Amino acid sequence: MFAAERRQLILEMVRANGAVSLRELARVVQTSEVTVRRDVRALEAEGLLDRRHGGAVLPGGFTRESGFPQKSHLATAEKTAIADLAAGLVDEGEAIVVGAGTTTQELARRLARVPGLTVVTNSLLVAQALAHANRVEVVMTGGTLRGSNYALVGSGAEQSLQGLRVSRAFLSGSGLTAERGLSTSNMLSASVDRALVQAAAEVVVLADHTKLGTDTMFQTVPTDVITRLVTDDPPPHDDRAATELQALADQGVQITVAGGAQSDPSPAPPPSAAARPPRRDVSLPGPRRQVPGSGSPLRSAPPVVGGEPPGGERARVADLRRR
């Protein structure tokens with residue numbers, strides 16, 4: 001493929017999806033990430049797209065929302081690893097809320113194996129993944145169906161969440177920065193996500209590395225309300241993503257990274273627990289803002305040295321060396 005053809009295809013992918021990782025672009029055009037990065041620089045010089053952490057987005061600073069068919073094919077391996085780790089944070093008999101998104105859909109498929117679980121969600125895809133799970137109760141919000149992501153939104157969804165209290169909220173979004181926290185491109189989705197946060201004692205954000213440093217129009221979860229971020233390991237050349245992770249950790253967000261090489265000599269999980277992939281954690285205590293309307297402030301947990309982490313989390317954890 002000639003350079004002009006390759007760049008045209010890259011441009012079409014970015015226009016269709018709003019944001020695409022370099023890894024995905026390299027796979028589609030069947031070349032190296034080094035070559036794709038050079039093409040992205042050339043297209044940025046022409047004002048046709050903007051470079052972001054490990055990827056490219058539409059020009060203008062804020063990415064638009066991609067449709068579900070496009071998002072379901074992006075960073076699939078990363079989403080799978082993130083979902084595997086996030087499922088390890090959930091204990092038997094818990095009550096949680098799970099927001100809409102392709103990553104939370106992957107999480108829901110793994111939660112089907114957790115007995116006694118109650119899941120409140122506004123996502124048809126999450127509910128579908130749990131529909132046939134034994135001993136898992138699914139509670140759907142009301143609201144108006146938003147077809148682009150199969151989620152229920154609007155005042156009906158928000159009102160159905162009033163008075164609800166659960167242990168954790170698992171949310172995804174379009175972008176995550178240390179400055180603004182989690183954000184999305186749609187106002188209705190952002191409003192429902194904020195209502196989900198109000199119902200939870202802790203907030204867990206699921207975001208692959210391509211979303212780090214990406215800022216979109218509507219803030220859903222401020223950084224000081226995020227208890228934990230579950231993400232994948234950024235590519236070695238992605239210094240900006242690593243910087244963003246460090247900035248989030250400096251603000252008290254616990255970072256769990258899939259694929260970490262370090263391990264923790266803590267006791268093995270009970271036989272009933274499923275095997276989980278390696279992960280790295282950093283836990284830096286910091287002040288947590290009380291969520292308006294909630295009964296208790298959110299706090300970052302103390303650093304985990306060994307054994308089982310606080311809050312009943314069963315997955316093994318280790319300290320992530322500060323990058």
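Residues 282-323 are where I'll start: pLDDT, the predictor's confidence in each residue from 0 to 100, stays under 50 there. For that stretch the model has 116 contacts beyond four places in sequence, a contact meaning heavy atoms within 4.5 Å. Where pLDDT is low, the predicted coordinates should not be read in detail.

This is a predicted model, so local features need pLDDT of at least 70 and side-chain atom pairs count only at pLDDT 80 or more, while totals for chains, interfaces and linings use all residues. Residues are numbered from 1 along each chain as its sequence is written, and side-chain values use heavy atoms, with hydrogens and water left out.

Over the protein chain the mean pLDDT is 78, and 74% of the residues reach 70 or more. Residues 261-277 are below 50, and that stretch has 23 contacts in the model beyond near neighbours in sequence.

Now the overall make-up. The protein chain has 10 helices and 16 strands; these are DSSP runs, H or I of at least four residues for helices and E of at least two for strands, numbered from the N terminus. Of its 323 residues, 54% count as buried, and the cut-offs are under 20% relative accessible area for buried, over 50% for exposed, and partly exposed in between, with a 1.4 Å probe and protein chains only. Among contacts between residues at least 6 apart in sequence, 68% join residues at least 24 apart.

Next, one helix pair. The axes of H2, residues 22-29, and H3, residues 33-45, come within 9 Å and cross at roughly 105°. Axes here are lines fitted to C-alpha atoms, for helices over the stretch in contact, and angles run from 0 to 180 degrees between N-to-C directions. That makes H2 roughly perpendicular to H3; the bins are under 35 degrees for roughly parallel, over 145 for roughly antiparallel, 65 to 115 for roughly perpendicular, and oblique for the rest. On the H2 side the contact is made by Leu-22, Arg-23, Leu-25, Ala-26 and Val-29, and on the H3 side by Glu-33, Val-36, Arg-37 and Val-40. Those residues divide into six nonpolar, no polar and three charged. In the loop between H2 and H3 sits Gln-30, which is exposed at 74% relative accessible area. Its C-alpha atom is 8.9 Å from that of Met-1, 29 residues away along the chain.

Last, salt bridges. A search of the whole structure finds 11, counting a side-chain nitrogen of Lys or Arg within 4 Å of a carboxyl oxygen of Asp or Glu.

Arg-110 and Glu-106 form one, at 3.1 Å from N to O. Both lie in helix H6, residues 102-111, four residues apart, so about one helical turn separates them. Arg-110 is buried at 13% relative accessibility, and Glu-106 is buried at 16%. A network of salt bridges links these two with Asp-84 and Arg-109.

Arg-168 and Glu-202 form another, at 3.4 Å from N to O. Arg-168 is in strand S9 and Glu-202 in strand S12, so the pair ties together parts 34 residues apart in sequence. Arg-168 is buried at 4%, whereas Glu-202 is partly exposed at 27%.

Arg-180 pairs with Asp-215, the closest N and O atoms being 2.5 Å apart. Arg-180 is in the loop between S10 and S11, and Asp-215 is in the loop between S12 and S13, 35 residues apart. Arg-180 counts as partly exposed, at 21% relative accessibility.

Definitions and conventions:
Ala, Val, Leu, Ile, Met, Phe, Trp, Tyr, Cys and Pro count as nonpolar, Asp, Glu, Lys and Arg as charged, and the others, Gly among them, as polar.
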